[in-house]
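Work through the exercises below with the sequence and the model side by side. Try each task before reading its solution.

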Amino acid sequence: MKKALFILFTLHISLFTVQAQIKWNERYQQYIDQYKDIAIEEMQRWKIPASITLAQGIFESGAGQSELARKGNNHFGIKCNGWNGRKIYHDDDAHNECFRAYNSVFESYEDHSRFLVNGQRYRSLFNLKITDYKGWARGLKAAGYATNPAYADRLIELIQLYKLYEYDTAKSADHFMVEHTKNHGVNGISIHPIKIFNKNYYLIARRGDTFRSIGEEVDISYRKIAKYNERNKNDHLTEGEVIWLKKKQKKAPKDYKGRLHYVRQGESMYSIAQSYGIRLKSLYKMNHMSPDDDLLIGQGLKLR
């Protein structure tokens, strides 16, 4: 009996650990989606690998959740040495140390680039290939960027786990994402993370959101956003629903060729169209249906 209880307890702990790890990974991936284009833009300007910038940002800021990140938009743990701007104090290697504070996360990314480019001790790193993320990680540790003895290993692990090295060969950044993220954290305002699917941009509505408030945030006419989502501009938005920021496609991505969506309890043709970024009229047409037809649980719907 005791052995059985021990096994159940162990399984429970293991499940909890796995669930926590999944949640942790999702937070990291969300951070990457939010800031990868700024990292790419900084790479093209300063020749610092985007993978290194992202890995440092994740590690130093706890994927944007550290006290320095939340209170001072400092995502790279850069201290006040030679700094004349706003400051924030935090316990690090010593008590109540001075760190740089920024008006936005974008400013933190820009200052991180200048910090490395202008730092004499990091000069040799710029002789490395842009794709040599291992050399950069070890070089940063050797130059004294961080005191953690495993700093280089942690950066390399993050880069390999999330395939951040793929961004080191990017030809260009997504400027829509860059412009959106420039205002992240300005005056303490937390903006919606924007994601990409089916050649379109979308965000997830929060409680209290309206088409007008979203439009003001992303600098797109709220009337247009409502139209893109096949809604009235004054419609009430529900927390958790998908809001598209450009006109939806007529079909789902090519990966969905030959695949069906099986209708679940509570779904409608509209909610399904929104999930895949498909125009409602197109979804009806693909399935030879009309708005008068009943939608049945378990019914298979073509997506392209």
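## Exercise 1: Helix packing

In this predicted model, α2 and α5 pack with their axes 9 Å apart, at an angle of about 45 degrees.

**Task.** Classify the packing of α2 against α5 as parallel, antiparallel, perpendicular or oblique.

**Solution.**
- Start with the angle, about 45 degrees.
- Angles under 35 degrees count as roughly parallel, and those from 65 to 115 as roughly perpendicular.
- The value fits neither class, so α2 is oblique to α5.
- Add the hand: the α2 and α5 crossing is right-handed.
- Now list the residues that touch. α2 supplies Ser51, Ile52 and Gln56, while α5 supplies Tyr133, Trp136, Ala137 and Leu140.
- Sort them by class: five are nonpolar, two are polar and none is charged.

## Exercise 2: Another partner for α2

**Task.** Describe how α2 crosses α4, and state which residues meet.

**Solution.**
- Take the geometry. The α2 and α4 axes cross at roughly 115 degrees and come within 12 Å.
- Take the hand. This crossing of α2 and α4 is right-handed.
- Take the residues. Thr53, Leu54 and Gln56 of α2 meet Tyr109, His112 and Leu116 of α4.
- Count by class. The α2–α4 contact has three nonpolar, three polar and no charged residues.

## Exercise 3: The cores

**Task.** Find the largest nonpolar core and say which elements build it.

**Solution.**
- The largest nonpolar core holds 42 residues.
- Tyr109, Leu140, Tyr145 and Leu164 have the most contacts inside this core.
- Two or more residues each come from α1 (2–46), α2 (50–61), α4 (105–118), α5 (133–142) and α6 (151–161).
- α1 gives the largest share, eight residues.
- Look next at Tyr109. Beyond its neighbours within four places in sequence, Tyr109 contacts Tyr31, Tyr35, Ile38, Ala39, Glu42, Thr53, Leu54, His75 and Phe76.
- A second, separate core has 15 residues, including Met177, Tyr201, Ile214 and Ile243.

## Exercise 4: One residue in α6

**Task.** Is Ile156 buried or exposed, and which residues does Ile156 touch?

**Solution.**
- Place the residue: Ile156 sits in helix α6.
- Read the accessibility. Ile156 has a relative accessible area of 8%. The cut-off for buried is under 20%, so Ile156 is buried.
- Leave out residues up to four places away in sequence. Ile156 then touches Tyr133, Lys134, Ala137 and Arg138.
- Check one pair. Ile156 and Lys134 are 22 residues apart along the chain, and their C-alpha atoms are separated by 6.3 Å.

## Exercise 5: Positive phi

**Task.** Where do Lys163 and Lys199 lie, and how accessible is each?

**Solution.**
- Lys163 is not a glycine, yet has a positive phi of about 55 degrees.
- Lys163 lies in the loop between α6 and α7 (175–182).
- Its relative accessible area is 44%, so Lys163 is partly exposed.
- Lys199, also not a glycine, has a positive phi of about 60 degrees.
- Lys199 lies in the loop between β3 (195–197) and β4 (200–204).
- The cut-off for exposed is over 50%. Lys199 is at 73%, so Lys199 counts as exposed.

## Exercise 6: The whole chain

**Task.** How many helices and strands does the protein chain have, and what percentage of its residues is buried?

**Solution.**
- The protein chain has 11 helices and seven strands.
- Of its 304 residues, 42% are buried.
- Consider contacts between residues at least 6 apart in sequence: 59% of these join residues at least 24 apart.

Terms used: Residues numbered from 1 in each chain as written. Predicted model: local features only at pLDDT ≥ 70, side-chain atom pairs only at ≥ 80, totals over all residues. Heavy atoms only, no water. Core = buried A, V, L, I, M, F, W, Y, C linked by side-chain atoms within 4.5 Å. Buried < 20%, exposed > 50% of the residue type's maximum accessible area, 1.4 Å probe, protein only. Helix = DSSP H or I, 4+ residues; strand = E, 2+ residues; numbered from the N terminus. Contact = heavy atoms within 4.5 Å. Axes fitted to C-alpha atoms, helices over the stretch in contact; angles between N-to-C directions. Parallel < 35°, antiparallel > 145°, perpendicular 65-115°, else oblique. Left-handed = near helix turned anticlockwise from the far one by under 90°. Nonpolar A, V, L, I, M, F, W, Y, C, P; charged D, E, K, R; others polar.
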